[in-house]
Amino acid sequence: MPTQMVRTGPIDGQKPGTSGLRKKTSVFKRPRYLENYVQATFDGIGGVQGKVLVVGGDGRYFNDQAIQVILRMAAANDAAKCIVGQGGILSTPAVSNLIRKRGADGGLILSASHNPGGPNADFGLKFNGPNGGPATEIVTDKIFARTKEIEFYKITAAPDVDLHQLGTVQTCGMEVEIIDPVADYADLMQTLFDFDKIRALFAGGFTMRFDAMHAVTGPYAHSILEGILGAPKGTVVNGTPSPDFGGGHPDPNPTWAKALMDEMFGANAPDFGAASDGDGDRNMIVGRNIYVTPSDSLALLTAKAHLAPAYKEGLSGVARSMPTSRAVDRVAEQLGIECYETPTGWKFFGNLLDAGKVTLCGEESAGTGSDHVREKDGLWAVLLWLNILAETKLSVADLIADLWSTYGRCYYSRHDYEAVESDKANAMMDGLRAKLPTLAGTQLNGLTVESADEFAYDDPVDGSRSEGQGIRIVFSQGARVVIRLSGTGTEGATIRIYLEQLETDTDKLHATPETALADVRTAAMIVTDLTAKTGRTDPDVIT
Ligand code: VG1
Ligand code: CO
């Protein structure tokens with residue numbers, strides 16, 4: 001089958017964001033759009049000749065068609081082999097694991113993660129490197145540079161590969177191996193956790209609800225929770241991936257996973273609830289009558305990870321993204337381990353994990369992970385929680401109450417203002433930036449500004465510097481406000497305001513976040529001048 005060199009040219013706006021390139025599906029479907037980006041990716045990583053790539057996605061609309069294009073282009077660019085999840089399905093952490101386990105040269109993940117899917121919703125593509133992690137900024141910069149100078153892309157005219165038939169086939173001189181998407185991942189989980197203990201927990205009547213949100217973790221959760229661990233059928237709900245995620249947002253937070261929240265706060269609530277996102281790298285943890293913020297979850301897992309076999313020797317260190325609450329810092333301090341602060345996005349954890357500087361890491365956006373792969377991992381977090389619950393025999397509420405009374409409680413909430421006109425959002429950020437040098441020492445709604453800056457990160461491993469990573473305003477009274485623009489939205493700008501207030505008075509640990517954060521929220525509204533600058537008064541989503 002002849003390879004075609006198709007003449008093309010730059011397409012504007014193919015700059016990868018927080019995790020790869022994310023756009024409206026209709027944009028990805030425009031002529032040359034996907035092809036250009038795939039070729040720019042191949043070129044940006046130095047070509048794929050003789051290389052082995054893992055390919056899979058979250059099953060959203062256009063997943064299968066895009067995979068066929070990628071296979072034809074990988075073959076035309078002389079790749080040796082592509083390993084593809086059956087039906088085109090692979091979760092993000094499963095891809096990360098496969099790259100590492102098979103010694104592959106990288107992987108292409110088709111997903112817009114927690115963004116909705118469908119012809120009128122979102123699509124995305126990200127490249128992960130040979131360590132299994134998201135491409136570093138150095139690599140994404142190269143990919144972006146190629147999108148601006150591209151002249152040709154290469155593709156074969158081969159017919160579609162049957163993605164449902166397990167086994168190996170050839171297409172234009174390239175091998176395509178279709179594998180079970182779950183098996184290797186399930187094997188890995190069994191090496192990390194005490195599956196016998198968790199099995200005994202379920203056998204003893206422990207109840208759980210896992211909401212796969214019609215997304216990629218369905219098959220993984222069915223197999224691991226209901227299959228291997230023996231949880232009753234029905235433990236997993238919405239467990240069949242659908243191209244438009246059942247019309248919902250596969251975003252595991254109290255707003256989009258409302259049905260799970262209602263059940264966990266209802267009369268016959270199970271002992272434990274969890275949900276995951278579109279591509280399976282996020283997790284939401286809920287106990288009976290208690291929602292666990294991702295920041296608290298990271299702190300709790302840091303405090304208790306030693307109860308699971310993989311972490312019984314303790315943790316080498318931990319890392320959190322800058323906007324994530326400082327709850328984990330307090331645990332790390334008591335454990336006597338280092339706590340790193342990185343910019344938003346999993347790509348910044350990779351070097352720390354590779355260098356053995358950290359064992360666990362996490363983000364406020366419901367991402368938690370460890371050195372077992374180089375991505376955040378939704379089901380992994382759920383299994384670590386289960387291992388801890390099985391070991392301690394405590395409830396989620398008891399574990400969290402103990403966390404707060406030991407380390408203090410970091411009240412925390414993120415307010416998102418979505419689809420704001422980009423120029424207004426940028427003007428607001430510029431206005432704030434201009435104020436930063438004069439803020440220290442001033443009062444904002446009765447809170448004293450201790451420091452105010454725009455976060456820049458110097459990678460302690462490769463020495464690279466990433467600037468403009470969000471504005472942080474720290475107050476003397478244990479409060480903090482972080483303001484940044486999202487890098488994953490596909491419509492206008494999304495302004496994220498992160499509010500935090502530390503409380504160490506044991507009599508004040510059980511207020512609602514709204515009450516505890518009221519003062520710092522007012523301070524944030526004053527300092528950003530958000531209403532005047534954007535016309536918004538209330539956030540679209542609160543997590
Ligand atoms: C968001 C989150 C960030 C996360 C990223 C990718 O980015 O805030 O913490 O790493 O999504 O998550 P942003 O730039 O929109 O704030 V996911 O589950 O895509 O893979
Ligand atoms: Co995700």
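Me: How many residues of each class, nonpolar, polar and charged, make up the shell around ligand 1?

Reply: In this predicted model, the shell around ligand 1 holds 10 polar and 11 charged residues, and no nonpolar residue is found there. Glycine is counted with the polar class, so a glycine in a shell would not add to its nonpolar count.

Me: Which residues come nearest to ligand 1, and what makes a residue count as being near it?

Reply: A residue is counted when one of its heavy atoms lies within 4 Å of the molecule, and of the 21 residues around ligand 1, those that come nearest are Thr 18, Ser 113, Ser 486, Thr 488 and Arg 496.

Me: What makes the approach of Ser 486 to ligand 1 a polar contact?

Reply: The cut-off for a pair of N or O atoms is 3.5 Å, and an oxygen atom of ligand 1 is 2.6 Å from an N or O atom in the side chain of Ser 486, so this pair qualifies. By the same cut-off, the side chain of Glu 363, with an N or O atom 2.7 Å from an oxygen atom of the ligand, also makes a polar contact, and so does the side chain of Asp 281, where the distance is 2.9 Å.

Me: Where does ligand 1 sit, and why is that space called a cavity?

Reply: Ligand 1 takes up the space of the largest cavity. The word cavity is used because a 1.4 Å probe fits there but cannot get out.

Me: What is the volume of the largest pocket, and which residues are closest to its centre?

Reply: The largest pocket has a volume of about 950 Å³, and of the 37 residues that line it, Gly 17, Thr 18, Leu 485, Ser 486 and Gly 487 are the closest to its centre. Its lining divides into 8 nonpolar, 18 polar and 11 charged residues, and the elements that each supply at least two of them are β2, α5, α15, β25 and β26.

Me: How do you know where the second largest pocket lies with respect to the domains?

Reply: Domain 2 (185-407) and domain 3 (409-542) both give residues to its lining, and therefore the second largest pocket lies between them. This pocket has a volume of about 740 Å³, and among its 32 lining residues Tyr 291, Thr 293, Tyr 412, Pro 513 and Glu 514 lie nearest its centre. The largest share of the lining, 5 residues, comes from β19, while by class the lining has 16 nonpolar, 8 polar and 8 charged residues.

Terms used. Residues are numbered from 1 along each chain as its sequence is written. Chains are lettered from A and ligands numbered from 1 in the order in which they are written. This is a predicted model: local features need pLDDT of at least 70, side-chain atom pairs count only at pLDDT 80 or more; totals for chains, interfaces and linings use all residues. Side-chain values use heavy atoms; hydrogens and water are left out. On a 1 Å grid over the protein atoms alone, a cavity is a set of points where a 1.4 Å probe fits but cannot get out, and a pocket is an open set with protein on both sides within 12 Å along at least five of seven lines; lining residues have an atom within 4 Å of a point. Grid points are joined across faces, edges and corners, and a volume is the space filled by probe spheres set on the points. Helices (H or I, at least four residues) and strands (E, at least two) are DSSP runs, numbered from the N terminus. Domain bounds come from an automatic or database domain assignment. A polar contact is a pair of N or O atoms within 3.5 Å; within protein, one must be able to donate a hydrogen and the other to accept it, and residues adjacent in sequence count only if both atoms are side-chain atoms. A molecule sits in a cavity or pocket if more than half of its atoms lie within 2 Å of its grid points.
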